[in-house]
Number of protein chains: 2
Amino acid sequence: MKEDPHDLIIQVSAQLFGRFGYKKTTMDDIAQALRMGKSSLYYYFKSKEEVFQAVVEMEASQLKAAVLVAINKESDPQEKLRQYVMVRMQKFKETVNLYEAVRSDYLMHLPFIEKVRVKYDLEEVSIIQGILKDGQQKAVFRIDDIQLGAVAIAIAMKGLEIPLLINDLENNLQLRLDKLLEILFHGIVKPPKGLE
Amino acid sequence: MKEDPHDLIIQVSAQLFGRFGYKKTTMDDIAQALRMGKSSLYYYFKSKEEVFQAVVEMEASQLKAAVLVAINKESDPQEKLRQYVMVRMQKFKETVNLYEAVRSDYLMHLPFIEKVRVKYDLEEVSIIQGILKDGQQKAVFRIDDIQLGAVAIAIAMKGLEIPLLINDLENNLQLRLDKLLEILFHGIVKPPKGLE
DNA sequence: TTTTCGACCAAAAAACCAAAATAGTCAAAT
DNA sequence: ATTTGACTATTTTGGTTTTTTGGTCGAAAA
């Protein structure tokens, strides 16, 4: 079974974009890597932007898939959420193009990237919502507004992306995540009566 | 009492940097605005970078001061923390140069800005630590590792900076902050016995 | 019909270069 | 101790040419 040209282009482009970045990768580069004429690319994609968008969307859906697999392995909502955060942070760094798209000043302001980012953010919130809802049904989470709660958690997660590029904190990361999760689960206010 | 030239330069520079940005503001512009020769500037500062650094540090310390005033108005640790988050997010946007320094791709990677940012982050963590410690002594907060807890909260706060530039959410901001704080205070896990 | 590609174009980018602007120096003046 | 004008080395800018690149099209192949 031959590979669908469409997908093949996306795969090869992903590698090139990943290595050289969006600007430095030309349509000719991609065509040459595929040993086809540049014009042929335009039979499958109508612009360079569209190719990049496809690459980013592919990576985003892979990230999403990995995350879904991880949380479905767990049944305890608390553990689901922990796995979600862990896997999502872990994989995020590895998806180079998505990373660049969200990060690079140059790309970030392009309207088509903006679209992808919003979509990707919404999916993230939706996944968290799912976990929260599940936890609520199983009566382990107490949270009144699930929508807002999910957004709040997503926001906190964004904060973790910042120091990610400043200094790699492979080691600290685990520790900080655990701390963040503990606060997320139990809060910092002492329970009223003699508990715990 | 005359104004200290050093401080005067910082004040005027802050306005110019704020209006035109770091790159577009020349030392001549600053000198002219002060009606002094450009060379005189170099009597007080040894480079343009140093002037900008002084401006950013001034703004950072003003932000810190405003935040300290706000939290000292409150005595309840929980309210302290709430005021801290509110004021810090509110004022942050208004300190244009600090904002640009942390944000702009061009400036962010300059080593001297990096330094300022780290220092500023550390101070932020230290303030949060203070609030947490106070809350612990007053037995209203329960948190084992104050250092890590403060870092976790600071990280979550960084997440709030991101959507700040994407779309102004003056209105949503208040709502999201409250939600984030509620989770921060009480967590999302249902307490074991029939409480609350 | 569907897919590929060479030839082509307009627009963008890179290379180049001279002129202007700018950060920074210094010796002399105040 | 402070200020400044004159000076310089380095960037930045503006304008021009050349090259690259994204994208089109019609013809050829499959």
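Me: How much area is buried between chain A and chain B?

Reply: About 3900 Å² in this predicted model. Buried area is the accessible area, found with a 1.4 Å probe, that two parts lose on being put together, summed over both. Carbon and sulfur atoms give 69% of the area buried between chain A and chain B.

Me: Ok, and what should I know about the numbering and the model?

Reply: Residues are numbered from 1 along each chain as its sequence is written, while chains are lettered from A and ligands numbered from 1 in the order in which they are written. This is a predicted model, where local features need pLDDT of at least 70, side-chain atom pairs count only at pLDDT 80 or more, and totals for chains, interfaces and linings use all residues; side-chain values use heavy atoms, with hydrogens and water left out.

Me: Back to the two chains. How many residues does each one bring to the contact?

Reply: Chain A brings 41 residues and chain B brings 41 residues. Contact here means heavy atoms within 4.5 Å.

Me: How many salt bridges cross that interface?

Reply: The rule finds two between chain A and chain B. A salt bridge is a side-chain nitrogen of Lys or Arg within 4 Å of a carboxyl oxygen of Asp or Glu. One of the pairs is Lys179(B) with Asp144(A), whose closest N and O atoms are 2.5 Å apart.

Me: How many residue pairs are in polar contact there?

Reply: Eight across the interface of chain A and chain B, with both residues at pLDDT 80 or more. A polar contact is a pair of N or O atoms within 3.5 Å; within protein, one must be able to donate a hydrogen and the other to accept it, and residues adjacent in sequence count only if both atoms are side-chain atoms.

Me: Which elements of chain A give two or more residues to the side that touches chain B?

Reply: Those are α5 (77–94), α8 (111–137), α9 (146–166) and α10 (170–186) of chain A. α9(A) gives the most, with 11 residues. By class, that side of chain A has 24 nonpolar, five polar and 12 charged residues. In this scheme Ala, Val, Leu, Ile, Met, Phe, Trp, Tyr, Cys and Pro count as nonpolar, Asp, Glu, Lys and Arg as charged, and the others, Gly among them, as polar.

Me: How many helices and strands are in chain A?

Reply: 10 helices and zero strands. Helices (H or I, at least four residues) and strands (E, at least two) are DSSP runs, numbered from the N terminus. The C-alpha atoms of chain A fill a box of roughly 75 × 35 × 30 Å, taken along the principal axes.

Me: What turn lays chain A on chain B?

Reply: A turn of 179° with a shift of 0.1 Å along the axis, giving an RMSD of 0.2 Å. That is the relation of a two-fold axis. The same surface serves both copies, as 100% of the contact residues of chain A recur in chain B. Copies are superposed by least squares on the C-alpha atoms of residues with pLDDT of at least 70 in both.

Me: New topic, the DNA. Which residues are the closest to strand D?

Reply: Lys38(A), Lys48(A), Ser39(B), Tyr43(B) and Tyr44(B), out of 14 that surround DNA strand D. Sugar and phosphate account for 54% of the atoms of DNA strand D that come within 4 Å of the protein. A residue is near a strand if one of its heavy atoms lies within 4 Å of it.

Me: What does the side chain of Lys38(A) approach?

Reply: An N or O atom in the side chain of Lys38(A) is 2.7 Å from a base oxygen of DNA strand D. With Gly37(B), a polar backbone atom is 3.0 Å from a phosphate oxygen of DNA strand D.

Me: Which element gives the most to the surface near strand D?

Reply: α3(B), with four residues.

Me: And strand C, which residues are the closest there?

Reply: Ser39(A), Tyr43(A), Tyr44(A), Lys38(B) and Lys48(B), out of 14 that surround DNA strand C. Sugar and phosphate make up 52% of the atoms of DNA strand C that come within 4 Å of the protein. The side chain of Tyr44(A) has an N or O atom 2.6 Å from a phosphate oxygen of DNA strand C. For Lys48(B), a backbone N or O atom lies 2.6 Å from a phosphate oxygen of DNA strand C.

Me: Which element gives the most to the surface near strand C?

Reply: α3(A), with four residues.
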